[in-house]
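Here is a briefing on a single protein chain, grouped by topic. Have the sequence and the 3D view at hand.

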Amino acid sequence: AQAIISDLLGEGLSGIDTGRGTMSIGDYAALAVRTSTTRAAIQGHTATMQANGLNLVVVHPGPRPCDSCDYWARGILSLDGTPAGVVEIPGLLGGMVEVEILGTLEEAITDGYQHPNCRCGMAAYLPGVTDAEIIEREPWDQAGYEAQQRQREIERHIRDWKVEAAISITDERRDEANAHVKEWQAEMRGHLAAHEDLKRQGVREQIDGPARK
């Protein structure tokens, strides 16, 4: 993350336009490194499974997945290119097992699965062994997802004003910035009170390192 920050600042960049707003260099670097690390881990995991003859996985959605990931949530994906559809394959305990494949892992990734900051995971699907209940899923929680995104937005405002307070060169400006910090902290408390399933994560409101988006 530090190397990326140094390179970008050396090129005169102070922020990254994401299409939905500007992300600070520190946040962007942390996001890029975290996402790349996660994708590398998944690639290593799937390669190990295939080396052991396991070609099916189940997508486990993260907390309140986005709409793109929700489509693939709890779905069975193939690693070897087997297309979507119902197939019969040998069960690990003997006999033939009917499996409904939603698509390939490559198709899911192309559709948006494993996007930056994606918190979804996957696990091997063992025909005839894996409990069928794991592929049952609840409908996408639109309201819950929007509430979570609002929490992330409030966290960004808190961090931004803390940065402003830290770089202020007059007491007047510092007091103004700190007042805004308190306003957004109050907004956070109100938001969490209205959405009791959300939890406050203090580390996301700190500026002592690349913030977690």
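**Briefing: sheet, cysteines and helix contacts**

Val58 stands opposite Ile76 in β4. This pair is a good place to enter the sheet. The model is a predicted one. The protein chain has 213 residues, and 34% of them count as buried. Its secondary structure comes to 6 helices and 8 strands.

**Overall make-up**

- From the N terminus on, the elements run α-β-β-α-β-α-β-β-β-β-α-β-α-α.
- Take the contacts between residues at least 6 apart in sequence: 64% of them join residues at least 24 apart.
- The protein chain exposes about 12,400 Å². Carbon and sulfur atoms supply 51% of that area.

**The four-stranded sheet**

- Four strands make an open sheet, in the order β7-β4-β3-β8. The pairing is mixed.
- Strands of a sheet pair through backbone hydrogen bonds, either parallel or antiparallel.
- β7 (103–104) and β8 (121–124) are the edge strands. Each of these two pairs on one side only.
- Strand β4 covers residues 76–78 and is joined to β7 by 2 bridges. β4 and β7 run parallel.
- In that parallel pair, Ser78 stands opposite Thr104 of β7.
- β3 and β4 run antiparallel, with 3 bridges between them.
- β3 and β8 also run antiparallel, and 4 bridges join them.
- On the β8 side, His60 has Gly121 as its bridge partner.
- Strand β3 spans residues 56–60, and 4 of its 5 residues are buried. β3 is therefore largely enclosed by the rest of the structure.

**Cysteines without disulfides**

- How many disulfides does the structure hold? The count is 0.
- Why is Cys118 not bonded to its closest cysteine? Its sulfur lies 3.7 Å from that of Cys69, which is too far for a bond. The cut-off for a disulfide is 2.5 Å between the sulfur atoms.
- Cys120 is in no disulfide either. The nearest cysteine sulfur to Cys120 is again that of Cys69, 3.9 Å away.
- Cys118 counts as buried because its relative accessibility is 13%, under the 20% limit.
- Cys120 is buried as well, at 8% relative accessibility.

**Helix α5**

- Helix α5 takes in residues 142–167, 26 residues in total.
- From first C-alpha to last, α5 reaches 38 Å. That is close to the 38 Å expected at 1.5 Å a residue.
- The buried residues of α5 include Gly144, Tyr145, Ala147 and Gln148.
- Further along α5, Ile154, Ile158 and Ala165 are among the buried positions.
- Charged residues of α5 are buried too, including Arg152, Glu155, Arg159 and Lys162.

**Salt bridges**

- How many salt bridges turn up in a search of the whole structure? The search finds 7.
- Arg150 and Glu153 meet through their side chains in one salt bridge, at 3.0 Å from N to O. Both residues lie in helix α5, 3 residues apart, or about one turn of the helix.
- Arg150 also meets Glu187 in a salt bridge, at 3.2 Å from N to O. Glu187 lies in helix α6 (residues 171–194) and Arg150 in helix α5, so this pair ties together parts that are 37 residues apart in sequence.
- Arg150, Glu153 and Glu187 are thus linked in a network of salt bridges.
- Are the members of this network buried or partly exposed? Arg150 is partly exposed, with a relative accessible area of 24%. Glu153 is partly exposed at 30%. Glu187 is partly exposed at 36%.
- Within helix α6, Arg173 forms a salt bridge with Glu176. Their closest N and O atoms are 3.0 Å apart.
- Arg173 and Glu176 sit 3 residues apart in α6, about one turn of the helix.
- Arg173 is partly exposed, with a relative accessible area of 27%. Glu176 is partly exposed too, at 36% relative accessibility.

Definitions and conventions: Residues numbered from 1 in each chain as written. Predicted model: local features only at pLDDT ≥ 70, side-chain atom pairs only at ≥ 80, totals over all residues. Heavy atoms only, no water. Buried < 20%, exposed > 50% of the residue type's maximum accessible area, 1.4 Å probe, protein only. Contact = heavy atoms within 4.5 Å. Areas by Shrake-Rupley, 256 points an atom, 1.4 Å probe, with all protein chains shown as cover. Pairing = 2+ DSSP bridges. Expected span 1.5 Å × (residues − 1). Salt bridge = Lys/Arg side-chain N within 4 Å of Asp/Glu carboxyl O.
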